[in-house]
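Please have the sequence and the coordinates open while I talk. I will go through cysteines, sheets, a surface patch and charged pairs, in that order.

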Amino acid sequence: MVSTVDNPNPLTCEGTRTYTYSYTDAASNVSYWVYTYTIERQDFTMPENAGSTVACVALAVAPTVPEVKDNCGNILNASVPVISEAPACEGTMTYTYTFTDCEGTSHDWVYTYTIERQDFTMPENAGSTVACVALAVAPTVPQVKDNCGNILNASVPVISEAPACEGTMTYTYTFTDCEGTSHDWVYTYTVKDNTAPTFTAPADITLYKDATCSVNDTPTGDAGDVTNEADNCSTGLNATYSDVKVDNCEGTYTITRTWSLVDKCGNAAPEQVQIITVLDNTPPAITVPTTITVIYDPAECGKTVTYSVTANDNCSGAVTPTLKSGSLASGSVFPLGKTTVTWEAVDACGNTSEKSFDVVVNPAPTTSVLTVTPGSLQYSDRVTLKVVIEGGASRCDGPQAAASATFTINGQVMKDPGTNITNIPFVAVGNNLEATLTTPLLDYTANYANGVMKPGNKTVSAVINGIADEFAVSQPASQSLTATQEDARIDYTGDVMRATATATTYSATVTLRANIFDLSATSEAASDIFPGDIRNAKVKFVNRDANTDISGWLPVSSLVNSADSRIGTVSFDYLVSGLSSSTPYKFITVGIVVDNGYYIRNRSEDDVVITVYTPVGDFITGGGYIVPTRSVGSMASDPGKKVNFGFNVKFNKKGNNLQGNMNIIFRRTEADNTVHVYQIKANAMQSLGVNASNPSSQTAEYVSKTNITDITNPLAPVSLGGNKYLYVKMTDNGEPGLNDLISFALVDGTADPTVMSNLIFSSNWENSKTEKLFLAGGNLVVHSGFNLGATSNSTAKKSAVIEIIEPVASESGLKVWPNPFSERLYFEFSHATATQARLELFDATGAKLATLFDQRIEGGQVYRAEYLPQAITSRMVFYRLTMGGQSQVGKLIYQQVK
């Protein structure tokens with residue numbers, strides 16, 4: 001086995017290499033034998049240095065490097081040459097290369113260049129011919145190179161003296177190479193000037209005299225100078241001229257101007273002629289006023305204006321101006337607006353001028369004032385709205401300041417109540433214009449919840465229409481107006497006495513109903529003749545005793561008569577409970593309040609006492625006839641014809657059922673010109689209420705379902721249907737019945753009987769409701785087991801002293817007697833005009849004891865009320881008589897005598 005080992009490994013230049021041999025016997029014993037080589041490098045041999053001679057540095061390029069081998073024959077690589085600095089022009093330049101073997105032994109090889117410069121070659125001299133010295137400018141110098149191709153720079157030229165007009169002129173340039181060898185290059189100009197100069201004469205021109213009658217006709221003035229003066233050689237040339245002037249007329253002439261130009265070498269340009277015409281075309285100057293502004297005078301239908309105008313000419317002096325046709329002379333009356341005045345002037349040469357100025361007549365100023373009278377008034381009352389335009393009337397045949405005014409209240413355009421016009425015309429009052437509208441505060445569009453005229457603060461505005469151009473009219477400032485609530489009046493028409501359904505029923509529904517009047521619909525109309533719409537009212541029923549509300553605010557949505565918006569009706573079904581076997585009756589003082597809308601009323605004189613009781617022994621009976629003259633309804637009876645009736649209605653012994661009947665016959669002429677007879681028969685009695693608190697005047701109210709039949713032909717009656725509700729009210733004033741009263745009202749179903757349009761038949765429509773009539777024959781009997789107090793069986797005597805504690809109004813004529821009294825007390829009174837009268841009694845705490853009288857009375861008639869006290873002990877009682885909005889109060893002092 002043989003193995004080799006190099007050190008170093010790998011072996012590249014010097015070191016050792018060993019060969020090892022192994023020997024093995026049969027017993028596997030091994031022995032080694034090693035042979036070692038030692039390598040030692042020797043120096044290598046270099047070739048001789050070399051060189052050459054060249055003409056330029058650029059030719060001293062890198063030489064061809066010889067091949068050099070080390071002692072073992074390996075080719076060695078030369079290093080990058082080290083190049084000596086190149087000489088600026090001539091000299092030597094070397095390239096040195098270094099060769100190194102692997103042992104690090106190095107030797108240089110040098111190549112030397114010797115640079116020797118040679119002479120350079122020049123181009124031929126040159127030249128040219130020019131027209132003038134100025135053209136003999138520095139020529140373009142040729143490119144000259146040395147023997148090595150380097151471009152040589154020319155020296156600053158040496159220039160020979162320039163000739164005056166003709167001759168030669170040279171430019172000499174010297175070129176020198178880096179070795180100092182020099183050669184000249186010469187350029188020769190031959191100068192010869194025979195070219196004439198050129199110019200442009202100014203154009204023919206017409207000049208005009210200026211404002212001072214002057215003109216500048218010199219070459220440097222308005223006539224102009226030559227331009228484009230040029231020569232091929234000469235500079236600074238100026239043309240000259242000569243003039244020939246010919247006068248035409250004063251201020252007008254012609255100049256013939258001849259222009260010439262010669263250069264410095266005597267070359268002359270052709271002459272040129274310019275014609276200059278001088279004219280006066282300046283028209284006279286007119287002096288007029290600036291714009292004249294005046295104010296329109298309604299007494300002149302314009303305005304008189306005076307002014308002055310003058311004229312002057314630049315050459316002719318003062319000129320007399322003339323007024324152009326259609327213009328107004330000084331002292332004329334100028335119309336409204338802008339008028340242009342034009343004047344004309346002509347000078348001696350016929351030059352004409354015009355000048356205008358404006359006369360502006362502005363509209364006459366005015367002041368517009370809106371007034372509201374009065375500033376506070378009730379709804380539906382009349383307000384006077386007036387707009388005054390101060391100085392707005394015409395005092396000539398011209399227009400007035402405006403045509404009309406339109407008034408608004410809170411945006412609603414107001415109308416003249418007589419003509420319904422909204423544009424109220426202006427009329428002249430002295431120098432002023434006035435537009436006056438007196439109109440009620442009414443809503444033109446139904447909005448009963450919240451209309452324009454709902455009481456409160458209002459804004460009144462006016463718009464002036466048809467404003468004439470001749471006047472400056474501003475719209476007047478808005479004004480304030482306070483609308484207050486209109487006074488209402490109340491007529492209670494609902495239940496005052498209501499029995500429960502049975503003797504063991506302890507509640508009943510009482511229909512509270514009232515007619516609500518605009519004041520203009522009452523006897524007090526003289527104090528307010530301007531009606532509103534009562535549907536704008538809201539009504540509330542209140543319990544005066546408990547000071548609580550019975551109803552909420554009820555709108556007056558129904559009119560008693562659809563053709564009369566002054567009277568409405570409102571109703572509310574009031575459930576009264578709390579009765580018992582031990583307390584079989586209840587008195588409630590019901591007040592009627594009008595507020596929370598357009599109307600107001602809250603007076604105790606409108607209070608009514610409602611009685612609810614359990615019926616024991618109530619009955620009504622009667623018969624006879626009345627003779628209506630004011631019957632209304634879709635089946636109103638003929639005036640003067642009888643209405644017959646008969647009835648008997650009562651509760652059974654247990655008081656739990658109404659029994660009986662009612663029969664009414666009335667007469668009516670129909671479209672066939674035949675008097676028809678109609679019969680109303682009760683068939684389902686609804687309620688009966690009896691008030692027997694006054695034994696001498698007992699009242700009853702009765703409601704029943706009925707049928708109506710045409711019985712004109714008794715053999716062929718015609719049914720006109722059922723489900724008609726009959727409302728009957730009656731008063732039993734004792735025997736023999738001639739002072740008894742009764743009324744009938746018939747409606748379809750449950751329609752409101754106080755609304756006129758709902759009525760089929762009303763026996764007597766008076767004061768916007770169905771009123772009772774005195775019997776023309778017959779008798780009525782009203783009885784009740786219920787009284788305000790049980791009749792005393794005591795043998796005690798009662799007496800009272802009457803004392804008037806407030807002055808009695810003279811128109812009432814109130815009398816109260818006897819004084820003292822024992823069993824009965826009489827009240828006698830009257831009033832000058834028809835009104836509502838109410839007589840009430842109160843105890844010392846203010847609680848109402850009784851209403852002795854409550855009805856409308858006629859003017860000039862005497863009425864009497866009677867009072868029968870029941871089991872009264874010693875105490876003080878007050879009475880109050882209310883008529884025509886005034887009350888009288890007195891007191892009764894009772895003293896019980898055993």
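Cys13 and Cys102 are joined by a disulfide, with 2.0 Å from S to S. Keep in mind that this is a predicted model. The torsion about that S-S bond is 65°, and the link of Cys13 and Cys102 is right-handed. Cys13 sits in the loop between β1 and β2, and Cys102 in the loop between β8 and β9, so this pair links distant parts of the chain, 89 residues apart. Cys13 counts as buried, at 13% relative accessibility, whereas Cys102 is partly exposed, at 42%.

How many disulfides does the structure hold? Seven. I will take two more of them.

Cys56 is bonded to Cys148, with an S to S distance of 1.7 Å. This link is left-handed, with -100° about the S-S bond. Cys56 is in the loop between β4 and β5, and Cys148 is in the loop between β11 and β12, so the disulfide ties together parts that are 92 residues apart in sequence. Cys56 is buried at 6% relative accessibility, and Cys148 is partly exposed at 21%.

The other one joins Cys165 to Cys265, S to S 2.5 Å. The torsion here is about -105°, so the disulfide of Cys165 and Cys265 is left-handed. Cys165 lies in the loop between β13 and β14 and Cys265 in the loop between β20 and β21, so parts 100 residues apart in sequence are tied together. Cys165 is partly exposed, with a relative accessible area of 27%, and Cys265 is partly exposed as well, with 28%.

Why does Cys72 have no bond to Cys102? Cys102 holds the closest cysteine sulfur, but that sulfur is 7.1 Å from the sulfur of Cys72, which is too far for a bond. Cys72 is partly exposed, at 48% relative accessibility.

Now the sheets. The loops of that Cys13 to Cys102 link lead to two of them.

One is an open sheet of three strands in the order β1-β2-β3, with antiparallel pairing. β1 and β3 stand at the edges with a single partner strand each, so one side of each has no neighbour in the sheet. On average, neighbouring strands of this sheet are turned by 20° against each other, direction ignored. β1 and β2, which covers residues 15-24, run antiparallel and are joined by six bridges. Within that pairing, Asp6 has Arg17 in β2 as its bridge partner.

Another open sheet has four strands in the order β4-β9-β8-β7, and its pairing is mixed. Its edge strands are β4, residues 50-54, and β7, residues 82-83, each pairing on one side only. β8, residues 91-100, and β9, residues 106-115, pair in the antiparallel sense over 10 bridges. There, the bridge partner of Met93 is Tyr113 in β9.

Back to β3, for the surface. Tyr23, Trp33, Tyr35 and Tyr37 make a nonpolar surface patch of about 480 Å². Which strand gives the largest share of the nonpolar patch? Strand β3, residues 30-39, with three residues. Tyr35 lies in β3 and counts as partly exposed, at 41% relative accessibility.

Last, the charged pairs. The count comes to 27 salt bridges.

Asp243 and Arg257 meet in one of them, at 2.7 Å, N to O. Asp243 is in strand β19, residues 240-249, and Arg257 is in strand β20, residues 252-260, so the pair ties together parts 14 residues apart in sequence. Asp243 is partly exposed, with a relative accessible area of 37%, while Arg257 is buried at 2%.

Lys769 forms a salt bridge with Asp491, with the closest N and O atoms 2.4 Å apart. This pair links distant parts of the chain, 278 residues apart: Lys769 is in strand β64 and Asp491 in strand β43. Are these two side chains buried or exposed? Lys769 is buried, with a relative accessible area of 13%, and Asp491 is buried, with 9%.

Asp549 and Lys540 also meet in a salt bridge, 3.5 Å from N to O. Asp549 is partly exposed at 49%, and Lys540 is buried at 15%. Elsewhere, Arg601, Arg603, Glu605 and Asp606 are joined into one network by salt bridges that share partners.

Definitions and conventions
Residues are numbered from 1 along each chain as its sequence is written. This is a predicted model: local features need pLDDT of at least 70, side-chain atom pairs count only at pLDDT 80 or more; totals for chains, interfaces and linings use all residues. Side-chain values use heavy atoms; hydrogens and water are left out. Patches are made of residues with over 30% relative accessible area and no salt bridge: like charges are joined within 9 Å, nonpolar side chains (Val, Leu, Ile, Met, Phe, Trp, Tyr) within 5 Å. Accessible areas come from the Shrake-Rupley method with a 1.4 Å probe; for residues, only the protein chains shown count as cover. A salt bridge is a side-chain nitrogen of Lys or Arg within 4 Å of a carboxyl oxygen of Asp or Glu. Helices (H or I, at least four residues) and strands (E, at least two) are DSSP runs, numbered from the N terminus. Buried means under 20% relative accessible area, exposed over 50%, partly exposed in between (1.4 Å probe, protein chains only). Two strands pair if DSSP finds at least two bridges between them. Axes are lines fitted to C-alpha atoms, for helices over the stretch in contact, and angles run from 0 to 180 degrees between N-to-C directions. A disulfide is a pair of cysteine sulfur atoms within 2.5 Å.
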